[in-house]
Amino acid sequence: QDDDHETSWWEKEKVSSLELSAPLTSLPSVSVERAIDIMSREGYDQLPVIQSTGEIAGVVSLGSLKAKLLNGKIMSEDPIMRATYSSFKKVNLDTTLGKLNRILDSEHFAMVVHSQRLFTNSVDVETRDVIVGIATDIDLIHYISRCDESKTGSEENSAQSSRKVSESGN
């Protein structure tokens, strides 16, 4: 890391500070046409693809589906698994926003996961990742600007209160 880098107040905050909504997920067998319809109707750009076992298979994005459809690489009736990106970055709720920001410098999103222990029988335990959200630049910028506004607003309010107190004392 660069020693001259001055840390911003938000970099040490956690991903859990972001107001991420629970993602809509899909099985790999859903058609491309249906996935596009779902994402358009629900207002999502990315759709995590989950195996019936609960394992994360990957993610499809509206942009990649559109590009692959227009280039003829997939057909509208194909299962979305044919267009699923299986390579993506995962973060957890304790990841710092500074680390998330560095990931988002090179990725369009990061999958926010929580590890869950699953007993498969009386002695064996597996760990599975459960998706709790998808973090993007927009989520990060929204959080920073919202908190900056509240910090600026409270500083202005305390400055006004200080002026009023000093004015009433005269």
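## Pockets and cores: worked exercises

Strand 1 (46-50) and helix 4 (137-168) each give at least two residues to the lining of the largest pocket. Keep in mind that this is a predicted model. Let's work through it.

**Exercise 1.** Find out how much space lies in the largest pocket and which residues are closest to its centre.

*Solution.*
- Start with the volume: the largest pocket holds about 330 Å³ of space.
- Next, look at the lining, which has 14 residues; Tyr44, Gln46, Ile134, Thr136 and Asp139 are the closest to the centre.
- Now sort the lining by class: you get 6 nonpolar, 4 polar and 4 charged residues.

**Exercise 2.** Do the same for the second largest pocket: list its lining and split it by class.

*Solution.*
- The space here is about 190 Å³.
- Going along the chain, the lining is made of Gln46, Val59, Ser61, Gly63, Ser64, Tyr85, Ser87, Phe88, Glu107, His108 and Phe109.
- Two elements give two or more residues to this lining: strand 2 (56-61) and helix 2 (62-70).
- By class, the second pocket's lining has 4 nonpolar, 6 polar and 1 charged.

**Exercise 3.** Decide whether Ile131 is buried or exposed, and describe its surroundings.

*Solution.*
- Place the residue: Ile131 sits in strand 5 (residues 125-135).
- Check its accessibility: Ile131 has a relative accessibility of 13%. The cut-off for buried is under 20%, so Ile131 counts as buried.
- Look for contacts, skipping residues up to four places away in sequence: Ile131 touches Pro23, Pro48, Ile50, Ile56, Met111, Val112 and Val113.
- Finally, try a distance. Asn92 is 39 residues from Ile131 along the chain, and their C-alpha atoms are separated by 9.3 Å.

**Exercise 4.** Work out which residues touch the most other members of the largest nonpolar core, then zoom in on Val15.

*Solution.*
- The largest nonpolar core has 15 residues, and the ones touching the most other members are Val15, Leu18, Val91, Leu97, Leu100, Leu140 and Tyr143.
- Helix 3 (97-104), strand 4 (110-119) and helix 4 are the elements that give two or more residues to this core.
- Now pick Val15. Leaving out residues up to four places away in sequence, Val15 touches Leu20, Val91, Asn92, Leu93, Thr95, Thr96, Leu97, Leu100 and Val112.
- Don't stop there: a second, separate core has 12 residues, including Val32, Met39, Leu47 and Ile74.

Notes:
Residues are numbered from 1 along each chain as its sequence is written. This is a predicted model: local features need pLDDT of at least 70, side-chain atom pairs count only at pLDDT 80 or more; totals for chains, interfaces and linings use all residues. Side-chain values use heavy atoms; hydrogens and water are left out. On a 1 Å grid over the protein atoms alone, a cavity is a set of points where a 1.4 Å probe fits but cannot get out, and a pocket is an open set with protein on both sides within 12 Å along at least five of seven lines; lining residues have an atom within 4 Å of a point. Grid points are joined across faces, edges and corners, and a volume is the space filled by probe spheres set on the points. Helices (H or I, at least four residues) and strands (E, at least two) are DSSP runs, numbered from the N terminus. Ala, Val, Leu, Ile, Met, Phe, Trp, Tyr, Cys and Pro count as nonpolar, Asp, Glu, Lys and Arg as charged, and the others, Gly among them, as polar. Buried means under 20% relative accessible area, exposed over 50%, partly exposed in between (1.4 Å probe, protein chains only). Contact means heavy atoms within 4.5 Å. A nonpolar core is a set of buried Ala, Val, Leu, Ile, Met, Phe, Trp, Tyr and Cys residues joined through side-chain atoms within 4.5 Å.
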